[in-house]
Amino acid sequence: MKLTIIGFWGGYPKQNAASSGYLLEHEGFQLLIDCGSGVLAKLQNIIQPEDLDAVLISHYHPDYIADIGVLQHARLIQGFLGKEFPALPLYGHQFDESEFGKLTYKKITKGIAYNLNEVLTVGPFQVSFLKTDHPVPCYAMRIEAGGKVLVYTADSSFKDEFIEFSRNADVLLCECNFYGHQNGKSAGHMNSIDAGKFAHRAAVKQLILTHLPHYGNLSDLIAEASREFTGIIKLADEFQSISL
Ligand SMILES: [Zn+2]
């Protein structure tokens, strides 16, 4: 699997940047995970919107779905220009009927509800889900392909169920919206200490901190997490690519 970070800012995109969006490629299948504000513009540095094969959506906060509408427009317009491609499957949960309904657009995109109790097959990927602790329904994902495992927390405060869900993952892409001295629990987010403890307890190989705060010194997040976890820790960065 090849993971490429498209956007990583929490809440809203920094200038000329993007909020949550992650491209995962395996055996030529291009899966976009979340599609927040700024993602469509940034994505085109890597691949064109009409070349996506599927999109997985963790939850319906704007920093995760703001660019779904323009992704639909992009594929509509490229279709007018003569390109041919099938309806794009957009996988999301159905616990917000209004937002889930927007995932289906003409014959351009098709909303598909994922079943939380079953492993979802998307192209070469096997995806299982865990409900997170967040103000709205949100789902973490454990994605397996080629014998490797990526766990993506989406938005959540820490919960014990994460440990078994993430056990021995090759990469833990973990939200980290707060510094170690801050408590993100009431907002439904983790801090750097939570992320470090989580990575240690789940014995993951590599921790990538994402959904980053807009203030402070981001390198402090790594220093704080590294007190708890001695493995590899990185800050998410635009177009950063990780092979696993
Ligand atoms: Zn959220």
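This is a short dialogue on reading a sheet and its cores in a predicted model.

Biologist: What should I know before I start?

Modeller: The model is predicted, so local features need pLDDT of at least 70 and side-chain atom pairs pLDDT 80 or more, while totals for chains, interfaces and linings use all residues. Residues are numbered from 1 along each chain as its sequence is written, and side-chain values use heavy atoms, leaving out hydrogens and water.

Biologist: Which strands lie at the edges of the open sheet?

Modeller: Strands (E, at least two residues) and helices (H or I, at least four) are DSSP runs numbered from the N terminus, and two strands pair if DSSP finds at least two bridges between them. Here seven strands run in the order S6-S5-S4-S3-S2-S1-S14, with mixed pairing. The edges are S6 (109-113) and S14 (241-243), each pairing on one side only. S5 (residues 88-92) pairs with S6 in the parallel sense over five bridges; Leu90 has Gly111 of S6 as its bridge partner.

Biologist: Where are nonpolar residues gathered, and which have the most contacts inside the largest core?

Modeller: In soluble globular proteins, nonpolar side chains tend to be buried together. A nonpolar core joins buried Ala, Val, Leu, Ile, Met, Phe, Trp, Tyr and Cys residues through side-chain atoms within 4.5 Å, where buried means under 20% relative accessible area (1.4 Å probe, protein chains only). The largest one has 61 residues, with Leu56 and Ile143 having the most contacts inside it. Strand S9 (residues 139-145) gives the largest share, five residues. Apart from this core lies another of 21 residues, including Ile6 and Leu103.

How values were computed. Buried means under 20% relative accessible area, exposed over 50%, partly exposed in between (1.4 Å probe, protein chains only).
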